[in-house]
Amino acid sequence: MNAGQRRHRHARWLLPGLLCTGGAFAVVHLTSDTAGRTAVMAMASLGSMVGVTAGLRINRIADKRHWLIGLLGLGLLTGVNAISFVQVGVGGAERVNSPVSPVLQAAGYVALLAASVVVVFRHAPQDSGGVIDAALIGVGAASPLWEFSLRPQLHAAGWPTGAQIVVLVQLLALLATLGALLRISRTTAWGRGSLRYLFASLGSTVAGLVLSIVATDPTTGRSLPYVGLCWIAGYLCLGAAVLHPSAADFTVPGTWRRDELSPVRFGYLGLCLLLTPVVGGIPQLFGHPPDGLLLCVGPLLSVPLVLARIQQLIQQHRHDQQRLAHQASQDELTGLPNRRQVFTLLDAALRAGDRHVTVLFCDLNDFKPVNDRFGHEAGDQVLRTVAERLRACVRADDVVGRIGGDEFLVVCPGAGSDDVDATRSRIERALATPVSWRDEPVRVGVAIGVAVAPAGAETTAGSLVAAADQAMYAEKRASKPFAGTVPVDQGQMHPV
């Protein structure tokens, strides 16, 4: 049994067991008194820690950063739940009065949020535009939720401004991360099952945060019993995310996705960006002061996301330009400069006029029988191999390009006759070696024509290449190595 099969076998038992335990916790939580509910919360967070620890061991996860950060957050929240059980469940207090508890709770939620953010950054490079857009939509959705649901409750309960800022920042960050995770879980091919559990965990945390404020008894300060179900689900879904076999795939690099900013999504983004200032200013329409917290805090998260999106679009545009420029100047099959690029470089060398320019016109012999006998796939492989061998035969300043089906051109600026003869000999020896195609040798020959334009000659790339072409055909007719060259002087081609 291989490692993947073992992971699936363990997950088949442990993962359903954890989820069934969560159902039992939910029933006990709804039917118990305060002591029972506090005990269930402590057991749920502790059970999630056990699930995360077991998942890390079973799945043999290489990159554990996000899960270890999440485990730290669970440990802090387990401490909060233990304090609540001791003071409220056992001691009978109305509410937790330990000064340590709020600090542990804030640190725990920050750790869980940080773990989710690490996951987002881990997968964002493969779909950066879509992830940023989803995060912006999450920020936009947080604005009306804050203004019409949470802010009135916090004002009625007399929460200080500092505490309200903490809640608003937490809500914006949670929904931005939630939107990004939703995008990742729908588009990535790696770790999708585990990502969905992580998304469910973060979604339950958001629901728990909102309901703990909206569904709170203003007299006692206690939340209604069903609010605890959100926290239980958040704990156990995090444990399930690590126990799921796909958790090991978080370390597998994804493939880059080209993001298309469609008009529909562009409209959504514009609407989401308008929500924060519009929603924050609505109270002023009814004679109340605008929501300064939302108008100040909201842009602190949305503006950096917008700038990141603009930067991503600029990089994508630059990438497209480079790709088009490469396609316009490079031969797709061999990666060599194509005919247009070779002629452009040759014209530039001739216009410089400071040194003579030599070209070698290389035409493959017996190439058509290769295609006829072995097929075009074999022919393509021969051309790629020829291109590699030609690159290895020339000097550093020389240019090798493909100008036709089985025709290659070597441009040698400033090469002496000895250099040209040596380059020609290397090419002939290199191309005389058979090309291996499916364990069968494939042989092609080469005919080479050479033409030289002296320094300062008023000639063009076309005329120089035509002279080399004539020399190549003369060699083919003679059916023997052709050692001479065709000089080009002041634009006049001398016959072979």
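How many nonpolar, polar and charged residues are there in the lining of the second largest cavity? The report comes to that cavity after a short look at the chain as a whole.

## The chain as a whole

The structure described here is a predicted model, and its chain contains 15 helices and eight strands. Of the 496 residues in the chain, 45% are buried. When contacts between residues at least 6 apart in sequence are considered, 74% of them join residues that are at least 24 apart.

## The second largest cavity

A search of the whole structure finds three cavities of 30 Å³ or more, and the second largest cavity has a volume of about 60 Å³. The opening question can now be answered, since the residues lining the second largest cavity divide into seven nonpolar, three polar and no charged. The residues in this lining are Leu77, Tyr109, Leu112, Ser201, Thr205, Cys230, Trp231, Gly234, Tyr235 and Leu238.

Helices H4, H7 and H8 (227–243) are the elements that give two or more residues to the lining of the second largest cavity, and the largest share, five residues, comes from H8. Helix H8 has 17 residues, which should span 24 Å at 1.5 Å a residue, and its end C-alpha atoms are 25 Å apart, in agreement with that expectation. Because 15 of its 17 residues are buried, H8 is largely enclosed by the rest of the structure.

## The largest cavity

The largest cavity has a volume of about 100 Å³. Its lining is made up of His66, Trp67, Gly70, Leu112, Ala115, Ser116, Val119, Leu198, Ser201, Leu202, Thr205 and Leu238. Sorted by class, these lining residues are seven nonpolar and five polar, with no charged residues.

Three helices each supply at least two residues of this lining, namely H3 (65–90), H4 (100–123) and H7 (192–214). Leu112, Ser201, Thr205 and Leu238 are among the residues that line the largest cavity, and these four names also appear in the lining of the second largest cavity.

## Two buried polar side chains

Ser204 lies in helix H7, and it counts as buried because its relative accessibility is 14%, where buried means under 20%. A polar atom of the Ser204 side chain lies 2.9 Å from the backbone oxygen of Ala200. Setting aside residues up to four places away in sequence, Ser204 touches Cys230, Ala233 and Gly234.

Gln164 is found in helix H6 (residues 161–187), and with a relative accessible area of 5% Gln164 is buried. A polar atom of its side chain lies 3.0 Å from the backbone oxygen of Trp159. Leaving aside neighbours within four places in sequence, Gln164 is in contact with Trp146, Leu154, His155, Trp159 and Leu293. Of these partners, Leu293 is 129 residues from Gln164 along the chain, although the C-alpha atoms of the two residues are separated by 8.4 Å.

## Helices H2 and H15

Helix H2 runs over residues 34–58, and its 25 residues reach 36 Å from the first C-alpha to the last, close to the 36 Å expected at 1.5 Å a residue. Its buried residues are Gly36, Thr38, Val40, Met41, Ala42, Ala44, Ser45, Ser48, Gly51, Val52, Gly55 and Leu56. H2 is followed by Arg60, whose phi is positive, near 50°.

Helix H15 covers residues 461–478, and its 18 residues reach 26 Å from the first C-alpha to the last, close to the 26 Å expected at 1.5 Å a residue. The residues buried in H15 include Ala461, Leu464, Val465, Met472 and Glu475.

## Positive phi in two loops

Where does Asp366 lie? Asp366 is in the loop between strand E1 (357–365) and helix H12 (368–374), and its phi is near 60°, a positive value in a residue other than glycine. At 54% relative accessibility, Asp366 counts as exposed.

Arg438 lies in the loop between strand E4 (435–437) and strand E5 (440–442). Although Arg438 is not a glycine, its phi is positive, at about 50°. With a relative accessibility of 61%, Arg438 counts as exposed.

Methods
Residues are numbered from 1 along each chain as its sequence is written. This is a predicted model: local features need pLDDT of at least 70, side-chain atom pairs count only at pLDDT 80 or more; totals for chains, interfaces and linings use all residues. Side-chain values use heavy atoms; hydrogens and water are left out. On a 1 Å grid over the protein atoms alone, a cavity is a set of points where a 1.4 Å probe fits but cannot get out, and a pocket is an open set with protein on both sides within 12 Å along at least five of seven lines; lining residues have an atom within 4 Å of a point. Grid points are joined across faces, edges and corners, and a volume is the space filled by probe spheres set on the points. Helices (H or I, at least four residues) and strands (E, at least two) are DSSP runs, numbered from the N terminus. Ala, Val, Leu, Ile, Met, Phe, Trp, Tyr, Cys and Pro count as nonpolar, Asp, Glu, Lys and Arg as charged, and the others, Gly among them, as polar. The expected span of a helix is 1.5 Å times one less than its number of residues. Buried means under 20% relative accessible area, exposed over 50%, partly exposed in between (1.4 Å probe, protein chains only). A polar contact is a pair of N or O atoms within 3.5 Å; within protein, one must be able to donate a hydrogen and the other to accept it, and residues adjacent in sequence count only if both atoms are side-chain atoms. Contact means heavy atoms within 4.5 Å.
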